[in-house]
Amino acid sequence: MKPETIALRSTHFKDSNAAAVVSPLYFSTTFERDQNYELPHGYLYARAGNPNRQQLETALTALEGGAVAMAFASGQAATMTLFQCLKPGDHVIVPDDAYYGTPSLLQDFFVSWGLTFSKVDTTSLEVIEAAIRPETKLIWLETPSNPMLKVCDVAAIAALTREHNIVSACDNTWATPLLQRPLDLGCDVVMHSTTKYLSGHSDVLSGALIFKENNELAARARQIQTLGGAVPSPFDCWMVARGIKTLAVRVRQQSANAQQLAEFLEKHGSVECVHYPGLASHPGYEIAQQQMAHAGGMLSVQIKGDGPNALRFLNRLQLFTKATSLGGVESLIEHRASVEGLDTLTPTNLLRISVGLEHIDDLIDDMAQALA
Ligand SMILES: *Cc1c(COP(=O)(O)O)cnc(C)c1O
């Protein structure tokens with residue numbers, strides 16, 4: 001089945017009470033036993049599972065082509081769970097450009113727990129290979145990366161790390177399974193902040209892990225999910241499942257808009273450079289062409305001049321909301337250096353854009369007036 005069909009069909013379950021076309025929402029935290037003291041539908045208590053979460057996990061499994069999925073209360077809770085599957089003394093490789101919360105979790109939490117980690121340039125296989133130690137157990141990938149839109153070769157890295165018995169995990173939040181399927185490329189685990197494109201409307205915080213195989217690692221993650229309890233509410237699950245239904249049309253249009261916007265900005269005299277893997281000038285263009293269906297709805301732009309000048313440009317925009325986050329239907333723009341704090345490596349003239357579903361002509365006109 002094609003992803004559009006999977007997205008529609010996997011997010012629905014049959015309602016035996018009223019034959020409702022849209023899946024009902026089950027708020028109950030507890031489930032009744034039958035005459036034999038069995039659980040007729042397998043549900044015991046909402047932390048361990050409920051129909052809405054199971055439906056979402058089934059949909060995520062199908063979309064990413066995995067064997068099993070777990071939904072969490074946030075993307076960070078999903079990432080944290082995978083790190084918690086490791087043991088003190090284990091070493092993790094993470095990209096030097098990634099969602100800032102990922103290395104922060106390691107630095108501020110898991111180092112005191114006994115994990116070690118190296119930040120490396122994952123666009124180079126040689127650099128990755130040199131960072132591998134006997135105790136390396138996990139490599140974390142994020143492509144395109146945040147906020148520099150670096151692209152790494154997922155298939156080549158997964159093949160290399162498999163030789164060393166290292167689990168490969170890919171944060172697929174930006175690409176979504178519509179554009180890129182890391183498990184098909186050889187990865188063991190996919191992570192999502194479903195807060196972003198999968199829910200798609202900037203109104204639900206949630207995350208997920210999807211495993212290629214239902215193995216020991218997946219069982220450990222399931223145990224942490226149900227015992228630790230960082231789970232999404234039934235309503236959160238219902239909202240994400242609803243968002244997934246329109247994922248394909250949203251992401252395709254957002255990618256088309258981002259491509260046009262990137263091409264416009266690249267040619268503009270006030271722009272220093274554009275980071276977008278759909279541009280032939282991008283260092284990851286060739287790999288992106290191979291592993292992504294489209295280059296996605298995210299781009300970063302560096303405006304000629306200093307940080308304050310970039311902020312003045314930001315304030316002249318009318319159609320881009322100045323806010324963090326991404327993947328919603330509305331266009332957002334963000335000055336990452338301000339958000340990331342003093343030790344950030346992000347250039348101060350860089351603005352990250354999540355391109356929405358407004359008409360591209362209006363978005364380009366707005367950029368043109370603000371750059372003029
Ligand atoms: C937002 C985001 C996260 C964190 O997810 P939350 O849902 O905010 O916890 C992780 N990775 C990427 C790429 C993100 O954009």
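This passage walks through the ligand site, two buried parts of the fold and a few backbone oddities in a predicted model.

The ligand is a good place to start. Fifteen residues surround it, and among these Gln76, Asp171, Ser193, Thr195 and Lys196 come nearest. Three polar pairings stand out. The side chain of aspartate 171 puts an N or O atom 2.6 Å from a nitrogen atom of the ligand. On the oxygen side, threonine 195 has a polar side-chain atom 2.7 Å from a ligand oxygen, and lysine 196 has one at 2.8 Å from an oxygen atom of the ligand. As for cover, the ligand on its own would expose 380 Å², and the protein buries 93% of that. Two elements, helix H3 (75-84) and strand S6 (189-193), each supply two or more residues to the shell. By residue type, the shell splits into seven polar, five nonpolar and three charged residues.

Helix H3 also carries leucine 82. This leucine counts as buried because its relative accessibility is just 2%, against a cut-off of 20%. Setting aside residues up to four places away in sequence, leucine 82 touches Leu138, Trp140, Ala169, Val189, Leu209, Phe211 and Leu217. One of these partners is a long way off along the chain: leucine 209 sits 127 residues from leucine 82 in sequence, yet the two C-alpha atoms are 8.1 Å apart.

Next comes helix H4 (residues 101-110), where Gly101, Thr102, Pro103, Leu105, Leu106 and Phe110 are buried. The cover over those residues includes H3, strand S2 (91-95), strand S3 (116-120) and strand S4 (136-142). Threonine 102 of helix H4 makes a handy example. Its relative accessibility is 1%, so threonine 102 counts as buried. Beyond its neighbours within four places in sequence, threonine 102 is in contact with Gln76, Thr79, Phe83 and Trp140. Gln76 turns up here again, having already been listed with the residues that come nearest to the ligand. Trp140, for its part, is touched by leucine 82 as well.

Further along the chain, strand S9 (residues 298-303) has six of its six residues buried, so the strand is largely enclosed by the rest of the structure. Met298, Ser300 and Gln302 point one way, while Leu299, Val301 and Ile303 point the other, and both sets are buried. S9 has pairing partners too. Strand S8 (residues 271-275) pairs with S9 in the antiparallel sense over four bridges, with valine 274 partnering valine 301. Strand S12 (residues 350-354) is joined to S9 by five bridges, and these two strands also run antiparallel. In that pairing, glutamine 302 stands opposite leucine 350.

Finally, some backbone details are worth a look. The loop between S4 and helix H6 (154-163) holds proline 144, and the peptide bond leading into proline 144 from threonine 143 is cis, with omega near -5°. Proline 147 belongs to the loop between S4 and H6 too, and the bond from asparagine 146 to proline 147 is likewise cis, with omega near 5°.

Positive phi values show up at two non-glycine residues. Asparagine 165, in the loop between H6 and strand S5 (167-171), has phi near 55°. Threonine 176, in helix H7 (residues 176-179), has phi of about 70°. Their surroundings contrast: asparagine 165 counts as exposed at 67% relative accessibility, whereas threonine 176 is buried at 1%.

Notes: Residues numbered from 1 in each chain as written. Predicted model: local features only at pLDDT ≥ 70, side-chain atom pairs only at ≥ 80, totals over all residues. Heavy atoms only, no water. Near = heavy atom within 4 Å. Polar contact = N/O pair within 3.5 Å; in protein donor to acceptor, adjacent residues only side chain to side chain. Areas by Shrake-Rupley, 256 points an atom, 1.4 Å probe, with all protein chains shown as cover. Nonpolar A, V, L, I, M, F, W, Y, C, P; charged D, E, K, R; others polar. Buried < 20%, exposed > 50% of the residue type's maximum accessible area, 1.4 Å probe, protein only. Contact = heavy atoms within 4.5 Å. Pairing = 2+ DSSP bridges.
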